[in-house]
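Below is a short note on the model, set out as numbered points. It begins with one salt bridge and ends with the overall dimensions.

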Amino acid sequence: MSIVPVHTVDGEGWGGPIGGMSDRQNPVRLIEDNKQNHHDNVRLFGNLFANIEFIKGLNFRTSFGVDGVGSWKRTMDYRYKSGFLSEDRNKVYQESYFDLSTNNSNVLQYVFDVDKSNFDIMVGQGTITHTYQMHWGSRRDYALENDDYMWLNAGESERDNGSASNKNTMISWFGKINYNYDSRYLASVTLRRDASSIFGSNNRWATFPAFSLGWSINNEAFFESLTDVIPQLKLRYGWGQNGNSSIDAYASYQFYESLYDHGKVDDWNWGTAYDFTGMGGTLPSGFHRTQRSNPNLKWETTSQHNFGLDFGVLNSKLSGSFDYYLKYTRDILMKPGTVATLGEGAGMWLNGADIDNKGFEITLNYDDKFGDLGLNVSGVFSHNE
C-alpha cells in the first residue's frame with residue numbers, strides 16, 4: 001500500500017512525493033491528465049488485378065496494390081502540482097503524417113508441354129514506391145485547459161514546428177524458367193535486374209541470378225520396388241543471389257542542416273548563426289554538414305548454396321528434410337562511427353563488412369490417425385556457424 005495519498009487533504013490537489021522519497025510521478029494523475037489525449041490512425045490497403053488468357057497456357061496478369069496509413073496525434077500537458085513535482089506551464093503538441101506504399105507488377109506467363117517435358121516460362125516487371133510525409137507543431141501557455149480550446153493557434157509562447165519527408169522507388173525486371181521432365185528431373189533458372197533510388201548514382205542497378213536442380217528418385221523405374229517403403233525421396237541443389245536495400249531513403253546523399261539556434265546555452269554547439277559584425281540582432285545563418293555522400297554505395301548481396309534431401313517413409317507417415325547451406329553476405333550496408341579529424345558530419349553509409357555462414361537443418365514430421373484421434377508431431381534441429 002502506498003504511503004503517499006492520491007490526493008491532497010482537501011481532495012482537490014494531487015498527492016506526490018516529498019523530500020527524501022524517490023522522484024516518482026503520481027500514476028493516478030498521469031492517467032487522469034492523459035484522458036484527453038488521442039492518437040488516431042486510419043489504414044487503407046488492398047489489391048486490384050486483371051488476368052487475360054490469350055491462348056491456352058499463355059496468361060498476362062497485372063496488379064496494383066496499396067498500403068497507406070494516416071495518423072493524427074494531439075497531446076495536451078496540463079499544469080499540475082504533485083508534492084515537490086510541479087509544472088506551471090501547459091503545452092500542446094500536434095503531429096500528423098501519412099505513410100503510403102504502392103506495388104505494381106505485370107507478368108506474362110506461358111505454360112506448355114512437349115512430350116514428357118513441361119515448361120513454365122515467366123517474364124515480368126515491377127515497381128515499388130514508398131512515400132512518407134509528416135509535420136508537427138507545439139505551443140505553450142494556454143489560458144484555458146480543455147479539449148475545445150487547446151489548439152495550436154491559441155498558444156501564447158514557444159511556438160515551434162517542423163516537418164520531414166522521404167520517398168524511394170525500386171524498379172525490377174525479372175524472368176524465370178521452370179522445367180520438369182517426366183516428374184523426375186526438375187530445373188529452375190531465375191534472373192532479376194533491380195534498381196533502387198536509395199543507392200549512389202554509380203551503382204543503382206544490380207543483377208541477381210539463381211538456379212536450382214532436383215531429382216525425384218522415387219519416380220525412377222529402378223526405385224519402383226521400394227516405393228511402398230519409401231514413397232518419397234528427392235535430392236535438391238540450389239544457388240542464388242539476392243540483394244538488400246533496407247537502409248535510409250537518402251543514404252547516398254550529402255546533407256547540410258541550417259540550425260540557427262541550438263537552444264541549449266550549456267552546450268558547446270551554438271548552432272549556425274554567426275555574428276560577423278559584432279552588432280548582434282538577427283544573424284545570418286550558416287549550415288553544418290550532417291552526412292557525407294557516397295555515390296558508390298551499392299546493394300548488399302547474399303549468395304547461398306543449398307544441398308537438400310526430402311524423404312517420406314512408413315506410407316509417408318514419417319517425413320522430413322535435411323538441408324546443408326553455405327551463405328556468403330558481401331558489402332554489408334552500415335554507417336560506422338568516425339574520428340574527429342574528419343570533421344563535423346563525417347558519417348556516411350558505406351559497404352563495409354562481410355559475413356560467412358554455414359550450417360544444416362533437419363526437419364522431421366510424424367502424422368498418423370488412430371480412429372477419430374489425429375496425431376501430429378514435428379521437430380526442427382539446426383546448427384549454424
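1. The model is a predicted one. Arg79 has a relative accessibility of 37%, so it counts as partly exposed, the class between 20% and 50%. Its side chain forms a salt bridge with that of Glu145, at 3.7 Å from N to O. The two residues belong to distant parts of the chain, 66 residues apart: Arg79 sits in the loop between β2 (58–77) and β3 (80–82), and Glu145 in the loop between β6 (117–140) and β7. Glu145 is also partly exposed, with a relative accessible area of 28%. This bridge therefore pairs two partly exposed side chains, one at 37% and the other at 28%.

2. A second salt bridge joins the side chains of Glu158 and Arg140, with an N to O distance of 3.2 Å. Here the partners lie in strands, Glu158 in β7 and Arg140 in β6, with their positions 18 residues apart in the sequence. Their exposure falls into separate classes: Glu158 is partly exposed at 47% relative accessibility, whereas Arg140 is buried at 18%. The 18% of Arg140 is under the 20% limit, which means that Arg140 is classed as buried.

3. The third pair to note is Arg192 and Asp194, whose side chains meet in a salt bridge at 3.1 Å, N to O. Arg192 is partly exposed, with 29% relative accessibility. Asp194, by contrast, is buried, and its relative accessible area is 5%. Salt bridges with shared partners also connect Arg89, Arg140, Asp141 and Glu158 into one network. In total, the structure has 16 salt bridges.

4. Where does Asn168 lie? Asn168 is part of strand β7, which covers residues 157–181. With a relative accessible area of 19%, Asn168 is under the 20% limit and so counts as buried. Beyond its neighbours within four places in sequence, its contacts are Ile128, Thr129, His130, Ser197, Ile198 and Ala249. Arg61 is 107 residues from Asn168 in sequence, and the C-alpha atoms of the two are 25 Å apart in space.

5. On secondary structure, the protein has 1 helix and 18 strands. Among contacts with a separation of 6 or more, 63% are between residues 24 or more positions apart. The salt bridge between Arg79 and Glu145, with its 66 residues of separation, is a case of a link between distant parts of the chain.

6. On overall dimensions, the radius of gyration is 32 Å, against a value near 21 Å for a compact globule of 385 residues. Along the principal axes, the C-alpha atoms fill a box of roughly 90 × 65 × 45 Å. Of the 385 residues, 29% count as buried.

7. On surface and charge, the protein exposes about 24500 Å², and 56% of this comes from carbon and sulfur atoms. There are 34 positive and 46 negative charges, and the mean positions of the two sets are 4 Å apart.

How values were computed
Residues numbered from 1 in each chain as written. Predicted model: local features only at pLDDT ≥ 70, side-chain atom pairs only at ≥ 80, totals over all residues. Heavy atoms only, no water. Helix = DSSP H or I, 4+ residues; strand = E, 2+ residues; numbered from the N terminus. Buried < 20%, exposed > 50% of the residue type's maximum accessible area, 1.4 Å probe, protein only. Contact = heavy atoms within 4.5 Å. Salt bridge = Lys/Arg side-chain N within 4 Å of Asp/Glu carboxyl O. Rg over C-alpha atoms; globule rule 2.2 N^0.38 Å. Areas by Shrake-Rupley, 256 points an atom, 1.4 Å probe, with all protein chains shown as cover. Lys, Arg positive; Asp, Glu negative; His and termini not counted. Charge placed at Lys NZ, Arg CZ, Asp CG, Glu CD.
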